[in-house]
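Grab a pencil and work through a few exercises on the model shown here. Try each task yourself before reading its solution.

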Amino acid sequence: MTERSALTAASTPATATPATSTPTTAGGAPAPAPGRRPRVHYAWVVAAVALVVLLGSAGFRSTPSLMMDALHNEFGWSLGTISGATSVNLTLYGLTAPFAAALMDRFGVRLVVVCALLTISVGAGLTMLMRQPWQLILCWGVLVGLGSGSMAGAFATTITGRWFQARQGLVTGVLTAAGAAGNLVFLPVGAWLVEQHGWRAAVVVVSLAASAVAVPVLLLMRERPADLGLLPYGATEAPPEPVRDGRALARTLRVLRDAARTRAFWLLAGSFAICGATTAGLVGTHFIPAAHDHGMPVTTAASLLALIGVFDVVGTVFSGWLTDRVDSRLLLTVYYGLRGLSLLLLPQLLAGSLHPPMLAFVVFYGLDWVATVPPTVALCRRQFGEDAPIVFGWVLAAHQIGAAVVAGLAGLARDALGNYDLTWYGAGALCAVAVGLCLALRTGRPTDRAVPALP
């Protein structure tokens, strides 16, 4: 500073710059000063951590389908018995989701997710000691089901709702696609481990991986943008102060009671139950043993299921992009209709070796696998406002109950009939029912009660 400028600054009256109070967010933390925002918004760091969590969670859930033949050969358990453990897993996965959303509000995302990952690690590790079917149900059905359910779709909905105002549909699509991307890693590796080293090696990997994923959650996960003095990504003003309710169980049941009085909730829950039945319940659980029935090696079938995951990533991210631009009800109608057509054709495509029509099914079905999630989440937000994460948790519970019922029934049908043909045709018919539910949602009233809409 020159002598002249120093004298000028010293002679400037103190009243030339009025005192201003530091702006704060609704949570009381100082708001970011203009021009000093970080180059990368921390919302993307939180989304990346959530992506890692969901990648691992998806891989953990896919492991039972790889072990069905191995467990049958070692213990002599029927596929129906083994599918029963998967059904318990899927049911608890769904029923835990709405309570997990409320627990995240009460105790924080980081604590709930870390506890869930450690529960999965313990459940998978104890599987190595089992000798009876009830032990499989306890370890893989109850413990892994509770753990993975705590990181279900309600987790992704909570993250996007808290941290993003812009790009919500796209981020929801990316986090949803993490389920498929997790299969890309775990299915081929798990199939190789089962064939080369036995099913116990696969569950050891799952147990260790669940513990490892907890590390970035502890180090990097934050609860809300206000904790760092930030606004949600894309927001121009602070969101309202979140309502603190210490009774997570009571709030979860109250939200269910209120939502169950609306037409939209039952239409969304019914269609999403069919989504679960025709994806995780049937294809996710029984595609590998069904392909093996036709002479296809387990590693090849697992690779095809992983390839479905490749195209699922593309389809779900694109669906998230479309959800920001196209009527979500129209998207759901198209998705369920195309899925039904592909499942009706699958019995004619299964064979002992790969061929072009089978690869065409993998591409077509993969693009549609969980493309239904972003528009379903968007409809929950539109209909139920700030309760959307918990409502979507209940809708997801319907998804998993549908998956559990079909996973068990498909195993029983295979034991009774010797093949899966009837289950594929039944799944195609269910998709037609889902189309009807989506059309009813489109023509019905948006909701039976007034709710605040999220931006």
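What follows is a set of tasks, each with a solution that goes step by step.

Two ground rules come before the tasks. This is a predicted model, in which local features need pLDDT of at least 70 and side-chain atom pairs count only at pLDDT 80 or more, while totals for chains, interfaces and linings use all residues. Residues are numbered from 1 along each chain as its sequence is written, and side-chain values use heavy atoms, with hydrogens and water left out.

**Exercise 1. The overall picture**

Work out how many helices and strands the protein has, and what share of its residues is buried.

Step 1: Count the elements, taking helices (DSSP H or I, at least four residues) and strands (DSSP E, at least two), numbered from the N terminus. You should get 17 helices and zero strands.

Step 2: Sort residues by relative accessible area, with buried under 20%, exposed over 50% and partly exposed in between (1.4 Å probe, protein chains only). Of the 455 residues, 53% are buried.

Step 3: Look at contacts, meaning heavy atoms within 4.5 Å. Of those between residues at least 6 apart in sequence, 85% join residues at least 24 apart.

Step 4: Add up the accessible surface (Shrake-Rupley method, 1.4 Å probe; for residues, only the protein chains shown count as cover). The total is about 19100 Å², and carbon and sulfur atoms hold 66% of that.

**Exercise 2. Two residues to place**

Find where Gly 281 sits and which residues it touches, then do likewise for Thr 127.

Step 1: Gly 281 belongs to helix α10, which covers residues 263-281. Gly 281 counts as buried because its relative accessibility is 0%.

Step 2: Skip residues up to four places away in sequence, and Gly 281 touches Leu 90, Gly 276, His 286, Ala 403, Val 406 and Ala 407. His 399 is 118 residues from Gly 281 along the chain, yet their C-alpha atoms are separated by 9.3 Å.

Step 3: Thr 127 lies in the loop between α4 (109-126) and α5 (133-149). With a relative accessible area of 0%, Thr 127 is buried too.

Step 4: Setting aside neighbours within four places in sequence, Thr 127 contacts Cys 139, Trp 140, Trp 199 and Val 203.

**Exercise 3. An enclosed helix**

Why is helix α11 described as largely enclosed by the rest of the structure?

Step 1: Take residues 283-293 and check burial: nine of the 11 are buried, so the helix is largely enclosed.

Step 2: Name some of them; the buried residues include Thr 285, His 286, Phe 287 and Pro 289.

Step 3: Look just past the helix, where Gly 295 has a positive phi, near 95 degrees.

**Exercise 4. Salt bridges**

Find how many salt bridges there are, then compare the surroundings of three pairs.

Step 1: Apply the rule: a side-chain nitrogen of Lys or Arg within 4 Å of a carboxyl oxygen of Asp or Glu. The count comes to eight.

Step 2: Asp 258 pairs with Arg 261, the closest N and O atoms being 3.9 Å apart. Asp 258 is buried at 16% relative accessibility, whereas Arg 261 is exposed at 58%. Both belong to a network of salt bridges that also links Arg 254 and Arg 257.

Step 3: Asp 327 pairs with Arg 329 at 3.2 Å between the closest N and O atoms. Here Asp 327 is partly exposed at 29%, while Arg 329 is buried at 15%.

Step 4: For Arg 339 and Asp 368, the closest N and O atoms are 3.0 Å apart. This pair links distant parts of the chain, from helix α13 to helix α14 (residues 356-368), 29 residues apart. Arg 339 and Asp 368 are both buried.

**Exercise 5. A nonpolar patch**

Which helix gives the most residues to the nonpolar patch?

Step 1: List the members: Leu 330, Val 334, Leu 338, Leu 341, Leu 344, Phe 364 and Tyr 425 make a surface patch of about 560 Å². Patch residues have over 30% relative accessible area and no salt bridge; like charges are joined within 9 Å, and nonpolar side chains (Val, Leu, Ile, Met, Phe, Trp, Tyr) within 5 Å.

Step 2: Assign them to elements: helix α13 (residues 328-349) gives the most, with five residues.

Step 3: Check one of them: Leu 338 in α13 is partly exposed, at 33%.
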